[in-house]
Every structure is written in C-alpha cells, then in structure tokens.
Amino acid sequence: MGTVEGGSAAVSEGSVSEGSGARVEPTADVDGRAVLGAGTTVWHLAQVREDAVIGADCIIGRGAYVGPGVRIGDRVKLQNHALVYEPAVLEDGVFVGPAAVLTNDLYPRSVDVDGRLKRGEDWHARGVTLRRGCSIGGRAVLVAGVTVGRWALVAAGAVVHRDVPDFALVAGVPARRIKWVGRAGEPLRPAGADRWVCPRTGEEYREHDGLLAPVESEPLAEFEPLAEPSETGR
C-alpha cells in the first residue's frame, strides 16, 4: 500500500509535522518516530508508539493504543479504547470497534520460572493480521497470531482463537462462523446451490469447500497485503 510508504510525514508528540496533513489532538501521545498519513486524525488520549506506520485518512479514536511497529493501511478506523499490540498488521479499510483487543502473546506471564520480571527479549510477540475491509466488533478479543480475512465480520464480544475466512461472520466464545457477509457488511441470502447474494448490492458469491468468493473476482484482484515499509518511510 503505497500510502504507507510514501506521502506520509513523521509526527512528533503533541504536534503535526509541517506538510503532513495529519491532525493530532493536544492530549494524544504520538511518538516522534511514528509515521502518520495525510488526513489521519489521532484523538484525545490516544497513544501511537515508536515506528508505527499509519496510512492516510485514518481515525485513531480516544484512548486507543497502537503499539511499536504496528502497520496500518488507509481509511482505517480504530474506535475509542481499541488496543492494537505489535506486530499487528491492518490492511486498508479495516474497522476495529470500541475496546476491542488485538493481543500478541500466546502464553502470557508476568514473571519467568525463576520469578524474575519478564522483559521484551523473554518472549516472542505474534501479531494479529486484519485483511482488507474486515470489521471487528466492540470488545472482541483476537488471540495472538490469528488472521481475519477480507471483508469478514467479527461480532461484538467474540473471542477469536483461529483464522477467520474471507466474508465470514463469526460470533461467540470461542468464535464460530454463523453466516456469510458481503462487502457491504450485510448477511448474504441463499441464491441456489452454493450461491449467495448480497441484499444491498446484488453482488453474487460462490461457496466452495467451506470458503466464499465473489462470482466476479476481478474487482478484488487489486487488494494486496500491506507492503513492508521502506527504510526511508519510517
């Protein structure tokens, strides 16, 4: 996603670098080594840590947290008090609801077996990946290392402990697929054998081997994973 690599400017704590086009509220804490894209807003009491890269036209809600090195694409919304721990990757158009948590430690402990306080070098962080256009409901918890597929929808309060397929609606503890959804976010309706249709847009989808894809997949061909940031863009 080129908007993460180019056209962004670093933002120092409490202010916006000249020409960045980003807005940072006075009580937000944005590390000077972070990168914000044009048109992005960081609201009150949010924290963006060092080396985080946030694309253009994003909203980082009040009290949200973005960990070190987290990479966020364009037009992403983090609602109030959402917690995104490193090394998470959020592609374009992702929505993370209020107080949702993207964790990064499969076996969390405060101390090691000798009783010493664990430090960063004592464990391996595993980031959550949110693919393009997916949505995470309020207070959902995503366990370290899971991937949520394109345009999938995680219901409020769900606990996701395994990967979510594209276009799946998952709910519960643990989360399980209960329906399919389209790009508009609405549940799809049956339209014949292994066929589904979006009631809002009329887009058609085909189910095969437990997975769903648009009947006409060409419009999705442009959606690529978030690119690694360049050395000069951080």
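# Rings, strands and contacts in a predicted model

The charged end of R177 sits over the ring of W180, 4.0 Å from its centre. The model is predicted.

Trainee: How many helices and strands are there in the chain?
Mentor: The chain of this predicted model has 234 residues, and buried residues make up 41% of them. Its secondary structure comes to one helix and 27 strands.

Trainee: What is the accessible surface of the chain, and what part of it belongs to carbon and sulfur atoms?
Mentor: The accessible surface of the chain comes to about 11,500 Å². The part that belongs to carbon and sulfur atoms is 49%.

Trainee: Which are the edge strands of the seven-strand open sheet?
Mentor: The order in this sheet is β3-β6-β9-β12-β15-β18-β21, and the pairing is parallel. An edge strand here pairs on one side only. The edge strands are β3 and β21.

Trainee: Which residue is the bridge partner of Q47 in β9?
Mentor: Strand β6, residues 47-48, runs parallel to β9, and two bridges join them. Within β9, the partner of Q47 is Y65.

Trainee: What kind of aromatic pair do Y65 and Y85 form?
Mentor: A search of the whole structure finds two aromatic pairs. In the pair of Y65 and Y85, the centres are 5.3 Å apart and the planes are at 45°. Planes under 30 degrees apart would count as stacked and those over 60 as edge-to-face, so this pair is tilted.

Trainee: Why does the pair of Y65 and Y85 tie together separate parts of the sequence, and how many residues apart are they?
Mentor: Y65 lies in strand β9 (residues 65-66), while Y85 lies in the loop between β12 (83-84) and β13 (89-90). The pair therefore ties together parts whose separation in sequence is 20 residues.

Trainee: Is Y85 buried or partly exposed?
Mentor: Its partner Y65 has a relative accessible area of 14%, which makes Y65 buried. For Y85 the relative accessible area is 28%. Buried means under 20%, so Y85 is not in that class. Y85 is partly exposed.

Trainee: What kind of pair do the rings of F167 and Y205 make?
Mentor: Their centres are 5.0 Å apart, with the planes at 65°. An angle over 60 degrees counts as edge-to-face. The pair of F167 and Y205 is therefore edge-to-face.

Trainee: Where are F167 and Y205, and how many residues apart are they?
Mentor: F167 is in the loop between β21 (159-160) and β22 (168-171), and Y205 is in strand β26 (residues 204-208). F167 is buried at 0% relative accessibility, and Y205 is buried at 1%. The pair links distant parts of the chain, with a separation of 38 residues.

Trainee: Which residue in β23 stands opposite V170?
Mentor: Four bridges join β22 to strand β23 (residues 176-180), and the two run antiparallel. Opposite V170 stands a residue of β23 that was named at the start for its place over the ring of W180. That residue is R177.

Trainee: Which residue in the turn between β22 and β23 has a positive phi?
Mentor: The two strands form a hairpin with four residues between them. The phi in question is about 100°, and it belongs to G172.

Trainee: Which residue in β22 stands opposite L153?
Mentor: Strand β20 (residues 153-154) pairs with β22 in the parallel sense, over two bridges. The residue opposite L153 is L169.

Trainee: Which are the edge strands of the open sheet of four strands?
Mentor: This sheet has the order β24-β25-β26-β27, with antiparallel pairing. Inside it, β24 and strand β25 (residues 195-197) pair over two bridges, and R189 stands opposite V197 in β25. The edge strands are β24 (189-190) and β27 (211-214).

Trainee: With which residue does the side chain of R23 make a polar contact?
Mentor: R23 is in strand β2 (residues 23-24) and is partly exposed at 43% relative accessibility. The contact is 2.6 Å and runs from side chain to side chain. The partner of R23 is E25.

Trainee: Which residues is E25 in contact with, leaving aside its neighbours within four places in sequence?
Mentor: E25 is found in the loop between β2 and β3 (29-30). It is buried, with a relative accessible area of 10%. Apart from those neighbours, its contacts are V42, W43 and H44.

Methods:
Residues are numbered from 1 along each chain as its sequence is written. This is a predicted model: local features need pLDDT of at least 70, side-chain atom pairs count only at pLDDT 80 or more; totals for chains, interfaces and linings use all residues. Side-chain values use heavy atoms; hydrogens and water are left out. Rings of Phe, Tyr and Trp (its six-membered ring) pair if their centres lie within 6.5 Å; planes under 30 degrees apart count as stacked, over 60 as edge-to-face and the rest as tilted. Buried means under 20% relative accessible area, exposed over 50%, partly exposed in between (1.4 Å probe, protein chains only). A charge sits over a ring if NZ of Lys or CZ of Arg is within 6 Å of the ring centre and within 35 degrees of the ring normal. A polar contact is a pair of N or O atoms within 3.5 Å; within protein, one must be able to donate a hydrogen and the other to accept it, and residues adjacent in sequence count only if both atoms are side-chain atoms. Contact means heavy atoms within 4.5 Å. Two strands pair if DSSP finds at least two bridges between them. Accessible areas come from the Shrake-Rupley method with a 1.4 Å probe; for residues, only the protein chains shown count as cover.
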